[in-house]
Each structure stands twice: as C-alpha cells, then as structure tokens.
Amino acid sequence: MAVDYTTHDGVAVITLNNPPVNGLGLSTRAGIVEGIERAQNDPAIKAIVLTGAGKAFSGGADITEFNTPKATQEPTLATVIKTVESSAKPVVAAIHSVAMGGGLELALGAHYRIAAPGAQIALPEVKLGILPGAGGTQRLPRAIGLEAALNMIVSGAPVPSEKLADSGLFDAVVDGDLAAAALAFARKVGAQQGPHPKVRDRKIEHPNAAGFIQFARNSVAAIAKNFPAPLKCIDAVEAGVQNGFDKGLAFERECFIALVQTPESRALRHAFFGERAASKIPDVPGDTPVRDIKQVAVIGAGTMGGGIAMNFINAGIPVTLLETKQEALERGLATIRKNYEATVRKGKLKPEALEERMALITPTLSYDDLKNADLIVEAVFEELGVKDQVFRRLDEVAKPGAILASNTSTLDVDKIAAFTKRPQDVVGMHFFSPANVMKLLEVVRGKETAKDVLATVMKLAKKIKKTAVVSGVCDGFIGNRMIEQYIRQALFMLEEGALPAQVDKAIEKFGFAMGPFRMSDLAGNDIGWAIRKRRYQEHPDMHYSKIADRLCEMGRFGQKTGGGWYDYKAGDRTAYPSPVVDDMIGAFSKETNAQRRKIGDEEIVERLVFALVNEGAKILEEGIASKASDIDMVYLTGYGFPLYRGGPMLYADTVGLYNVERAIRRYASRPNGDAWRLARSIAELAAQGRGFNG
Ligand code: T1G
C-alpha cells in the first residue's frame, strides 16, 4: 500500500509513500481512505496528521494513470477528499516541498493545514489542458479569496508556501521540525470540541465578484486563444460563486471530463511526459555514474559560442572562453555583457548578478588554458577542416576524461570523433540560436560515444535548463533533417502557384510561430543556399527547386540585405510582400513550364507538416531518434511547432496515419511527387490502426 499508518500518543499519522512525488494513484487513494477509517474506529486516536514521505507532500493526481481505468476507479480523489473532510476527528495536513494539483486539493479537504516554508503550492492543471478536478476551483477561492485563487488556478503557477502564510490557506507556516509541529498542533485540536472547520463552509468574500470575474475572463480570452482550459477555470470558479459549493463542484466535474478529452489537453500531457521521457536513453541505465562537470571551456566567442557560454555561467559553472584573436574575444565578451544588460533592464537580473556572471568567464587565446576543463564545447566555423584542427589540438591538451563536444549542426560527429584518440569522449551538443534562449539541445551520439558521457550531458542539460534530445548521426540530425523536407515542399509550392506570404500565413494560422519564408529571411537565405550547394554535390539525385537559388543570385539574402522573400524598410522588421519576388516566381514557373494553379491553405499545411511527419517516421525507422515523443520535443522546443498540437508526430496521430498515408500518396502522384517517398512505418502503423505514440 502506498501509504503508511503510524500512531503517536493519540495521533494517527497517515504518510503518503508513492515515490517519486506521492502521485495520488489508486493504491495511494485507497490507503488514505483506509487510514482515515482506521483512525475513526480507534478510540485512542483523537486527531489525524496527513503528510508525504520523500520529496513532496503530493505532486497531485498520478498522471501516469490518466486515460486509464485506474484514474476513475473508486476511491476517486473526490471520494478521498470527502472522506477526509467528513472525518469526525480533525485532520491536519502537514505540507512540505510540493503540494500541487490534487495534492493541494487533498490538503484543502483537511480541517487544518500547516506548512514548511519553501513548499511549492500550485494548481497546475491548466498547464495540462485541464482544470483542478477535485474541488480546487471551489475550495481555493474559499481558502484564499477569489482574486488570489483565480490567479493561481488560471496561471497554474506555483507560489512558495511562505508567501501564502497570511492568505487563510495555512493555520501555520513553521520553520524547523514539521512533523513535531504537526503532532503538537494535532494534539491541540484533538482536545477541542468538534465540529472542526471545513474550507467548503467558508464564504467567498468579494466586493464585486461578477465584475472581477468578467475582467478576468476578458484578459484571459485575449491570451488563451488556442487553449480552452483557462476560460473553463473561470467558468468553474464563477459557478461556485453564483450557485454555491455543491453546484460549483458538479460543474467543475463536468468541465474536467470535457477538457481531459480535448486534443489540446492530450498535446499538453504529451509534452509534459515527452520532456521527461527525452532524458531517458533506452540503453543507458538511469543509474549510470556521471562525470563531475565543474569547469567548462567554450571554443569560439561568436554568436553561438557566446550564447553557449552564457548557459553555463547562468547555472554558476565557470567557463574558459577561447578565441584565436584578441579582438574577437573582446567582441564576444562585449556581446555577452550586452545580453545581460538587456536582462537587467527588463528587471530579470540584478546588476550585481551581472558582474558575478561575467566574473565566471576566463577569456584566453591559449589552448593550454583548457587543460582543467571537464567539458569543452567547440563552436567554431562549420567546416570539417576547422573541426579537424580543433579536435586534434584538444586531444593534446584536454585532460583524460574531459568530454569533448561539438556544436556542429550538420557535420558528421563520427568523423569529428575520429580526429581524436578518445572517440568515446566525443559527443555532439547542438545548441539552437540564440543559444542562451532556445530550450532545445540536440545531443548527438557518435557510434563510440560512451554511455556515461551521454548520461553526464543529459544531466547537465537539465541543470542548464535545456530540453535535451538524443539524436544518432545523420545529416541534419533530427530537427534540420526534417525541416529540409518542409522547406523543399515550400519551394515546390512557389513553383506550382503559391506565393511566400500565402504559404507563411497558412502555416502560421496552423500555429507555427513563423512561416518558412519569414524564417529564412530572418536567418539569412544565404545559409540555406550554402547547404543546398553542398546537397547538389552530395545528393545529385535529390530533386530541389532552384527558385531559392534564383532569389540568392539576386542578392536577396533577407532582412540583413533589406530584401529576401519579402521587402523590408530600414529599422522595420515587418515583412512586406515583394512585387519583385512575385514577378521572379512567375517568370521561374514559366521557365520551368510549371502550370501555376491555385493552392489551398489545407494543401499548404498538409504538405509542410506531413513532410515533417514522413521524414520523422524515417528517422524513427533508422533509430536516429528512439521515440516519437523525442521528435515532438525537438519541434515544440526548437522549431516553433504549436504546443497545442503536441508536435508533428502527435499531430499525425490526431489526424490518423490512415489519412496521412492517403495524403502523402496523393502528393506523390502529382508534379514534384518524387519528393514523397512514403515511410514504410506510416503504412504499417496505419494498417494496424495505430499511431506513432501508441
Ligand atoms: N504523477 C506521477 N508522476 C509525476 C507527477 C505526477 N503528478 N509529477 C511528476 N511526476 C514524476 C515525473 O514524471 C518524474 O518521473 C518524477 O516525478 C520527477 O519529476 C485531480 C487531475 C512535482 C514540481 O501537474 O510539476 O492533480 O522521470 O523531474 O523537477 O485536479 O514534477 O523521474 O520517472 O518534474 O522535482 C497535477 C506535475 C496533476 C504536477 C516535481 N500535478 N509535476 O518537479 O521533478 S493533475 C502536476 C511537476 C491533477 C487534479 C488533477 C513536477 C514537480 P521520472 P520532475 P521535479
């Protein structure tokens, strides 16, 4: 049973014991009910303490049970809370570390609550696309007031327990021994005459509840356009304010059942699990010993190197920053300082913290200064010859056991590893620009990369707040390999009849942060041009539209040259459709005898997204990625794929692989159809009625 029951001089202590965070799974729920009933039947027991073992009071409903029969099997959480609340003997919730979601709702069912400072208190259900489903929308407003409760429920953000000390939520916030304080408190209230206070009996006081709720609804509606849950949170709270506790509770339940079935909630839960699953590498045991990373070195102080260095100093890890020339080093340091100054101006960093962080950087022009580094990340020019020199030199100076990482985004990590005599210590750490902002880190596993190197980098990634996804070695790893097919389709569609603004608008309406042409103008069209030139050499058989080359031959590299797929005005980043480009596209179609036709938005979205899905399926087949959710995490955290759709692979499951297959076969039979080689696994899974994510 995931609950312990002990007695201490007339006080029964029920301890949740379901690691890692005392998720309220079926056995935990049953154990609490049994404990409460056992205490009722023991005349020696005068009061009950409810607490959690390990690292949490409770992290809430056991999300691993979601959409399984256990989740709704009695005793449900609502039943547990009702049992606690109707106990004749007072129940004291003793809260430490984490009381979230159902965990906080359970505590709200107790008669008294005492907390240790520093505990994270939250109703984060909205972040999973649902709402508190066990009375949180009804009890929290009664505990801490309408405004504070609505803020917590709609944001899902955690509040430290000490900040709620005077909110009415806790009877005490105690430093020191929480267990002893809880026992003393329980003895005190156990000696008092009942009935003991119930949060549900409190009134929700507000001078103008209806007005405030309407104000909240208007402000939330403006920002939550793709997510139904935040507005439902407000509806549920309002129902309790207007119609009383029991009706409010019933309405909350209806809302919960409706929301848990929505594709948005499925996407958010998928992302929640995907984030955690990504750090698990199938053949690397979770208890693999990791190397100690106390000192990092970064080679290259350019845009990438500087951003990479910031990640480590933000986590308090000192960085030796190496450049070849003094002015490049100074330029890099100045850029890092400028970035921090901007953060200070936004009030997100204290001025003194800026200096502390800058002090963690040791600039140098000498490789000899890298000899104590535990991890060395190179971010030098993307050319194999340059990587060759750098890694041979690292092989000479780096200490044994130092991890040698390349930030390469396109080169073969196995080839880079072969420049050293220690390929087992070489790994790819592909950061995304701007490296100090983008959450995604592709960890590229060479065929000889040691397992403890992978385990070390994955753990370090969590410390520097990155979402790390392991990729095998292939051209473009996971993200860029898939985006190449996406861009191919975008270019073909220009030849076939679409214009840049139409393609961008269609995919941005689908939810992408930025369409392919605005993105290319931002990154620089010359970057894609260089990659295509390499492609034409390596894969002469791969059919590419040359329309983007035509644009580059016109010198239209994007924002940096004042014009790319769009026109730009000085000091204005707005992308204006360009008549010059539209004419070029029309002329190009004529030259290639492409019959221009009207292309609908639905086809644009299908061809762009299914190009990702099809390549993602091949990446899974080849074992470059170990799970579909890894691919989704790459796209959600590195490519602006809309979170409410859960990533390309989950989106394909939502559409149904049967429909994805039919669409791909349709496009394969049309002009430029040679770009569509249907992934075998899509046909197989479709035939079995399955999806990528089970
Ligand atoms: N159930 C089951 N497992 C959970 C869990 C949960 N609620 N929360 C976390 N885990 C696992 C997680 O998958 C990971 O597993 C391990 O715990 C450590 O997590 C009715 C319906 C609690 C702040 O949304 O925010 O209650 O990978 O790496 O950084 O209204 O986890 O080790 O195998 O994140 O210390 C609402 C979600 C549920 C809380 C701890 N609750 N969790 O953070 O560790 S819905 C939540 C978190 C609900 C009711 C509704 C965080 C944390 P593994 P971790 P952490």
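Trainee: What makes both faces of strand β10 covered?

Mentor: Take the residues face by face in this predicted model. Val-296 and Val-298 point to one side of β10 (residues 296–299) and are buried. Ala-297 and Ile-299 are on the other side, and they are buried too. Buried means under 20% relative accessible area.

Trainee: How do you know that β10 pairs with β13?

Mentor: Count bridges. Two strands pair if there are at least two bridges between them. Four bridges join β10 to β13 (residues 375–378), and the two run parallel. Ala-297 stands opposite Ile-376 in β13.

Trainee: What makes β10 and β11 a pair?

Mentor: The cut-off is at least two bridges. β10 and β11 (residues 319–322) have four, in the parallel sense. Ile-299 stands opposite Leu-322 in β11. Between these strands the chain passes through helix α12 (residues 303–314), and this β-α-β crossover is right-handed.

Trainee: Why are β12 and β17 at the edges of the sheet?

Mentor: Read the strand order. This is an open sheet of eight strands: β12-β11-β10-β13-β14-β15-β16-β17, with mixed pairing. β12 (361–364) and β17 (467–471) each have a single partner strand, so one side of each lacks a neighbour in the sheet. From one strand to the next, the twist averages 25 degrees.

Trainee: What pairs with β17?

Mentor: β16 does, in the parallel sense, over five bridges. Glu-442 stands opposite Val-469 in β17.

Trainee: What does the UniProt record list for residues 295–471?

Mentor: The unreviewed entry lists "domain: 3-hydroxyacyl-CoA dehydrogenase NAD binding" there. Over that stretch the chain is 41% helix and 20% strand. Its end C-alpha atoms are 25 Å apart.

Trainee: How many aromatic pairs are there?

Mentor: The count comes to 15.

Trainee: Why is the pair of Tyr-112 and Phe-185 called edge-to-face?

Mentor: Check the centres, then the planes. The centres are 5.4 Å apart and the planes stand at 65 degrees. Rings pair within 6.5 Å, and planes over 60 degrees apart count as edge-to-face. Both tests are met, so the pair is edge-to-face.

Trainee: What does that pair tie together?

Mentor: Tyr-112 lies in strand β6 (residues 112–115) and Phe-185 in helix α7 (residues 178–190), so the pair ties together parts 73 residues apart in sequence. Both residues are buried.

Trainee: What makes Phe-432 and Tyr-639 an edge-to-face pair?

Mentor: Their rings are 5.6 Å apart centre to centre, with 75 degrees between the planes. The limits are within 6.5 Å and over 60 degrees. The pair links distant parts of the chain, 207 residues apart. Phe-432 is in the loop between β15 (426–431) and β16 (440–444). Tyr-639 is in the loop between α25 (628–638) and α26 (648–655).

Trainee: Why do Phe-432 and Tyr-639 count as buried?

Mentor: The cut-off is under 20%. Phe-432 has a relative accessible area of 8%, so it is buried. Tyr-639 has 13%, so it is buried as well.

Trainee: Which residues do ring pairs link into a cluster?

Mentor: Tyr-486, Phe-510, Phe-512, Phe-641 and Tyr-651. The charged end of Arg-645 sits over the ring of Phe-510, 4.2 Å from its centre.

Trainee: Where does the charged end of Arg-276 sit?

Mentor: Over the ring of Phe-272, 3.9 Å from its centre. The distance limit is within 6 Å.

Trainee: Is Lys-465 buried or exposed?

Mentor: Exposed means over 50%. Lys-465 has 67%, so it is exposed. It lies in the loop between α17 (451–463) and β17. Its phi is near 60 degrees, a positive value in a residue other than glycine.

Trainee: Why does Phe-477 count as buried?

Mentor: Its relative accessibility is 0%, and buried means under 20%. Phe-477 is in the loop between β17 and α18 (479–496). Phi of Phe-477 is near 55 degrees, again positive in a residue other than glycine.

Trainee: What makes the bond from Ser-433 to Pro-434 cis?

Mentor: Look at omega: it is near -5 degrees. Pro-434 lies in the loop between β15 and β16. Another cis peptide bond joins Glu-74 and Pro-75, with omega about 0 degrees. Pro-75 lies in the loop between α2 (69–72) and α3 (77–85).

Terms used. Residues numbered from 1 in each chain as written. Predicted model: local features only at pLDDT ≥ 70, side-chain atom pairs only at ≥ 80, totals over all residues. Heavy atoms only, no water. UniProt positions renumbered as here; feature names shortened; annotations may be inferred. Phe/Tyr/Trp six-rings, centres within 6.5 Å; stacked < 30°, edge-to-face > 60°. Buried < 20%, exposed > 50% of the residue type's maximum accessible area, 1.4 Å probe, protein only. Lys NZ or Arg CZ within 6 Å of the ring centre and 35° of its normal. Axes fitted to C-alpha atoms, helices over the stretch in contact; angles between N-to-C directions. Right-handed = clockwise from strand over helix to strand, strands pointing away.
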